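Thanks, everyone. Let me put the structure up, and then I'll walk you through a few of its residues.

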Amino acid sequence: NSVTLDGFIIKDSYHAVTIDGNYNEIKNCNILNSSYGIKINGYYDKISHTLKGTHNKIHQNKIFNNGYYGIWIDHGENNDITQNEIYRNEIGIYLQKSHEHLVAYNTIRNNDIGVKIQGGENNMVKRNSIVDNDKRGIYFCCHSHNNTVYENNFIGNDLHAYCYSGENLWDFGGHGNYWDDYDGGGVYVIYGENIDHHPSSTPYDVSEPSYEIYITAPKKNEEISGKYTVMGLSEKEGKVEIKIDDGPWMEAYGTFSWSVEIDTTALSNGEHTIYARCGSSSSSVAVYVNNAENEQNTPSFTWYALVLSLGMAIGYHRYRKRRYS
């Protein structure tokens with residue numbers, strides 16, 4: 001309970017973060033390349049006679065490229081999911097039999113399903129950009145009802161909203177949602193009694209996320225030598241390039257987690273700067289190269305072998321010439 005996780009990169013796990021308590025906060029983290037991103041388990045603790053999985057906050061994180069769910073809340077209550085960017089997961093946010101959550105001011109894009117609410121009620125979904133999800137933007141099923149969805153932007157999803165076996169509210173206080181396929185003809189019908197009575201003709205203002213690129217190895221002022229693999233993390237999809245000092249840009253391998261090998265023996269000993277960029281994002285780190293003189297300036301073994309072979313051949317030729325002349 002009451003734990004704050006702030007500013008971490010958490011990746012390459014089965015469950016990156018699991019919460020079994022209350023009043024915890026996950027913020028400013030990058031959570032990626034795992035089977036599951038963040039999971040909150042809700043249950044009744046018979047020892048303390050309290051409900052677990054409540055009043056947690058997931059705030060201002062980037063949760064991406066996870067195999068299954070970006071955020072999965074199972075039987076939780078009263079948790080807040082705000083101002084995150086959630087992308088490239090199978091399901092961005094999955095509320096399973098979870099109630100009274102706030103899902104607001106998130107960018108939820110390029111997942112298979114943006115938001116799935118299964119058997120949940122009294123959840124509020126507002127002011128999110130739900131964009132370019134491959135199957136469904138938001139998906140209600142299994143008697144989900146009395147959830148409120150308003151002031152969201154639904155843009156470029158294969159199917160913006162899918163809802164059955166429950167009635168939910170799609171507008172509040174005269175404000176509905178922006179649907180990019182709305183034809184301006186009155187209400188926007190989702191399914192059956194699920195109707196947006198006040199669809200917006202223009203998108204709502206949801207802050208565009210910013211993206212960073214990080215160099216995770218080497219560390220600042222680290223001493224490196226020989227062949228070294230520079231590694232990092234990019235929050236944005238796209239080509240990653242690095243360069244050393246004023247040298248040419250070199251393309252790295254990988255998209256989110258990236259790497260590229262450099263040969264420091266081609267550099268002078270001393271301080272150098274490694275730069276990385278992806279789109280408009282960039283970062284740099286200062287390092288110190290320290291190669292021994294015999295590693296940096298001595299010809300390679302192949303060159304020595306060639307010189308030795310030529311010398312032996314010339315000597316043998318002279319020997320034969322003296323012997324048979």
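Start at I195. Set aside its neighbours within four places in sequence, and I195 is in contact with W170, D171, V187, Y188, V189 and I190. Keep in mind that this is a predicted model. I195 sits in strand β26, which covers residues 194-196. Now pick out L267 as well. How far apart are I195 and L267 in space, C-alpha to C-alpha? The answer is 65 Å, with the two positions 72 residues apart in sequence.

Next, salt bridges. How many does the structure hold? There are 9 salt bridges. I'll take three of them.

One pairs the side chains of E85 and R109, at 2.8 Å from N to O. E85 belongs to strand β13, residues 85-87, and R109 to strand β16, residues 107-109, so this pair ties together parts that are 24 residues apart in sequence. Buried or exposed, for E85? E85 counts as buried, because its relative accessibility is 2% and the cut-off for buried is under 20%. R109, at 9% relative accessibility, also counts as buried.

Another bridge joins the side chains of E237 and R88, at 2.7 Å, N to O. This pair links distant parts of the chain, 149 residues apart. E237 is in the loop between β29 (227-234) and β30 (241-244). R88 is in the loop between β13 and β14 (91-96). R88 has a relative accessible area of 38%, so it is partly exposed.

Put those residues together. Which ones do shared partners join into one network? Salt bridges that share partners connect E85, R88, R109 and E237. Within that network, E85 is buried at 2% and R109 is buried at 9%. R88, by contrast, is partly exposed at 38%.

The third bridge is between the side chains of E241 and K239, at 3.8 Å, N to O. E241 is buried, with a relative accessible area of 14%.

On to the backbone. R88 comes up again here. Its phi is near 60 degrees, a positive value in a residue other than glycine. So R88 combines a place in the loop between β13 and β14 with partial exposure, because its relative accessibility is 38%.

E100 also has phi near 60 degrees, again positive in a residue other than glycine. Where is E100? E100 lies in the loop between β14 and β15, the latter being residues 102-104. At 39% relative accessibility, E100 counts as partly exposed.

One more backbone point, this time a peptide bond. The bond from A217 to P218 is cis, with omega near 5 degrees. P218 is in the loop between β27 (213-217) and β28 (223-224).

Last, the surface. Which residues gather in a patch of negative charge? The patch is made of D132, D134, D158, D180, D181 and D183. Take D158 from that group. Its place is in the loop between β22 (153-155) and β23 (161-163). D158 is exposed, because its relative accessible area is 62% and the cut-off for exposed is over 50%.

To recap three items. There is the network of E85, R88, R109 and E237. There is the cis peptide bond from A217 to P218. And there is the negative patch on the surface, with D158 among its members. Over to you for questions.

How values were computed
Residues numbered from 1 in each chain as written. Predicted model: local features only at pLDDT ≥ 70, side-chain atom pairs only at ≥ 80, totals over all residues. Heavy atoms only, no water. Patch = residues over 30% accessible without salt bridge, like charges linked within 9 Å, V, L, I, M, F, W, Y side chains within 5 Å. Areas by Shrake-Rupley, 256 points an atom, 1.4 Å probe, with all protein chains shown as cover. Salt bridge = Lys/Arg side-chain N within 4 Å of Asp/Glu carboxyl O. Lys, Arg positive; Asp, Glu negative; His and termini not counted. Charge placed at Lys NZ, Arg CZ, Asp CG, Glu CD. Helix = DSSP H or I, 4+ residues; strand = E, 2+ residues; numbered from the N terminus. Buried < 20%, exposed > 50% of the residue type's maximum accessible area, 1.4 Å probe, protein only. Contact = heavy atoms within 4.5 Å.
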